[in-house]
Amino acid sequence: MKKVKIEISGMHCASCSNNIERSLKKTPGVKDASVSLLLKKGTAECEDFVSDEEIKKAVKRAGYEVKNISQE
Amino acid sequence: MNHKIQEKENKTMNHKMHDMKKMKIDIEEKNKLHKHENHEQINHDEHHHDTPVEDSEIREWRKRLIWSWILTIPIAIIMILERFFEIFIFPSMEISTIALLIISFPVIFIFGWTTIRGGIRGLFTFYFNMDSLIALGTIIAYLTGILTFFIDVLDYSGVAAMIMAFFTTGKYVESLARGRASREIMKLLELGAKKARVLRGKNEIEIDISGIKIGDVMIVKPGEKIPTDGIVVKGESSVDESMVTGESMPVDKIKGNNVIGATINQDGILYVKAIKIGKDTFLAHIIKLIEEAQSEKVPIQRLADKITSIFVPSVLILAVLTFLGWFYFTGYDLSRSVGIAVAVLVIACPCALGLATPTALMVGSGMGAKRGILIRKGEAIQTMKEIKFIVFDKTGTITKGKPEVTDVYAKVKGKEKYLLEISASLEKLSEHPIARAIVEKASLRRYREVKNFKILRGRGIEGKIGAKEIIIGNRTLMSEKKINLKDFEKTINKFESEGKTTMVIVENKKVLGVIGVADAVKEDSVSAVKELNRQGYKTIMITGDNERTAKAIAEEVGIKEIIANVLPEDKAKKVEELQKHGFVAFVGDGINDAPAMKQSNVGIAMGTGTDIAIEAGDIVLAKGSLIGVVQAINLSKATFSKIKQNLFWAFGYNTIAIPVAVAGLLHPIIAEIAMALSSITVVSNANLLRRKKI
């Protein structure tokens, strides 16, 4: 298990953060995700095999951009 | 803004440097200049408090807002003149429609492009957001303008532009308010120093904060930030720690004292050896904790989240039904039915619902952070209002946590020194605070060799010095080991009645003497407990001490109930028992009482200056003062009632506004204004939390 920190741009309403959470949680290997609209940041708890690219894809699928991604 | 200016200045500095190189100014002078410039840089960094991310968003909305209105105001004038005063600027209705279509186009499709694109994309990918509603509303309205050339329908293209303009205005105001809501937190996130002056060899060099290594000696001049956590190796000064601990008085620092990174050196030059860097620093811990808390969910929010997730599709369906209903089942024409459907689309506001909790939580945790109160679990602020019992751990929470030896009583007069010597030799091997006090008191140069050393948790220690069996411990241990305390009963009783912890020293089953250790009550414990009692909480003190010691302390601070003689591992059990009668908040240091804190409904962990037990508490107090408990409780309650107010408003708004729009009682523009106002109200209301005194 690992924790990934994501900086996201393009969010501006509460359904935005909900959508990203939903999209992240749908990604195989992601156990939990939470996104803060106000900090423009999110965290995803996921299995080690989940790549940064997949996280980025999930955010993009919901319609937003990943600005930075880092592991804790 | 500052960011840019600074960037520019840096650039000019670089230019200067280049010029100087060209001019071949002699090296010494160049070095001087170089240093001078770097000092300036440090000062810049210290005043660099604004938030670039938030700013760029606000700037972006402002730009769109201005352009939207430049175009929308003429549209409004044309529409008002035509529809209310029947004054026609254009020679024919067709030309007027074409003009409106042309002027509206950029408002919707250029300045509103991100909204349109995001919204449409959301519709196709089933990740609906509130843009979907606005996008659909404005596009439908705009299309009516084109339709006028083919069928008999009212032109809503001007209305579309006005909806977008009001939407943009709302977003701009909202982004301002959101920026205000996150002000304190953002400040904290950017608190860290950017540069450090370190000693490398004999040279003082200026490096980036990331270049500091553990063991580096940093030189901190008055007015500068201490770059990272460290220990003072030379110099003395006072340091303003308010930004991280909430302690308003500057703290004196001399050689050997710990200092926290990002705090500001006041008057003297300090030489500080770096002991923690990067993500291990105190500030990094606090930041991590606050960031995590922001993405935490307050339970009450879950319902709102559920609603927002089905909100947009529901409104889309509702808008279609509204249109069909009006168009087919009443005598309304196409134009009116479209107008009503558009109003339904734009009035529904998932935003207010979604912003209600996070903005209030953001303002609340910002207020807390300023006072050294760190809300780690959003859930805690909801649970706080149910709390009935507040259980305090004694040591380190109510008291200073640093016991001192107050009495040494030996059975044989003159043997006190020996008593201390063997005690200290054994206690040296224990980490217990009482052990440390005894070791400190004895301050031996050499300790005796101890064999078979054993810690008897919560009771004492035992070991062998030479052939002598030594036991040091409390009453419980003595009765366990069947030691006769008869001759010492009076002394022990006296110590205990004074609230002193009494350690009995036994050599080969015979009592040598007793040592009294006391832990003074913190200055503000009394007033904090008084306030909590006044607010109607049942205050309870839990301790491993015996009943009498406990009672003495409890009486001193005003706590009515005590649970004494509790082993550390049983504290959680005691909390569980109390929970049968009501919710329990546990206040402790979070280190040896972590299980009890976990068991409790709200765990409040007290920091001790440079260390905080982050993992244990739901709320963490950076400053080890009990007043923080009172503040944390008040803040939690105020924040939660703000969240409730916000949610009530947001639910209320939608449950009233949507039916009114469905009923056809609202013009789309009025609907949009109402929608924009609803989210602004929620965020502004969250900001009002700051007025609350805690």
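Begin by selecting α1 (14-26) and β2 (30-36) of chain A together with α11 (299-329) and α13 (350-370) of chain B, since each of these elements supplies at least two residues of the lining of the largest cavity. Keep in mind throughout the tour that the model on the screen is a predicted one.

With those four elements shown, turn to the cavity itself, which has a volume of about 160 Å³ and is the largest of four cavities of 30 Å³ or more that a search of the whole structure finds. To find its centre, select A:Ser17, A:Val35, B:Lys297, B:Gln301 and B:Pro358, which lie nearest to that point among the 18 residues of the lining. If you colour the lining by class, you should find six nonpolar, eight polar and four charged residues.

Next, move to chain B and select helix α6 (residues 130-147) and helix α7 (residues 157-181), which pack with their axes 6 Å apart and at an angle of about 155°. An angle over 145 degrees counts as roughly antiparallel, and α6(B) and α7(B) are therefore described in that way, as roughly antiparallel to each other. Their crossing is left-handed.

To see where the two helices touch, show the side of α6(B) formed by B:Met130, B:Asp131, B:Ile134, B:Thr138, B:Ala141, B:Tyr142, B:Thr144 and B:Gly145, and then the partners from α7(B), namely B:Ser157, B:Ala160, B:Ile163, B:Met164, B:Phe167 and B:Lys171. Coloured by class, this contact of α6(B) with α7(B) has eight nonpolar, four polar and two charged residues.

How values were computed: Residues numbered from 1 in each chain as written. Chains lettered and ligands numbered in written order. Predicted model: local features only at pLDDT ≥ 70, side-chain atom pairs only at ≥ 80, totals over all residues. Heavy atoms only, no water. Axes fitted to C-alpha atoms, helices over the stretch in contact; angles between N-to-C directions. Helix = DSSP H or I, 4+ residues; strand = E, 2+ residues; numbered from the N terminus. Parallel < 35°, antiparallel > 145°, perpendicular 65-115°, else oblique. Left-handed = near helix turned anticlockwise from the far one by under 90°. Contact = heavy atoms within 4.5 Å. Nonpolar A, V, L, I, M, F, W, Y, C, P; charged D, E, K, R; others polar. 1 Å grid on protein atoms, 1.4 Å probe; cavity = no way out; pocket = protein on both sides within 12 Å on 5 of 7 lines; lining within 4 Å. Points joined across faces, edges and corners; volume = space filled by probe spheres on them.
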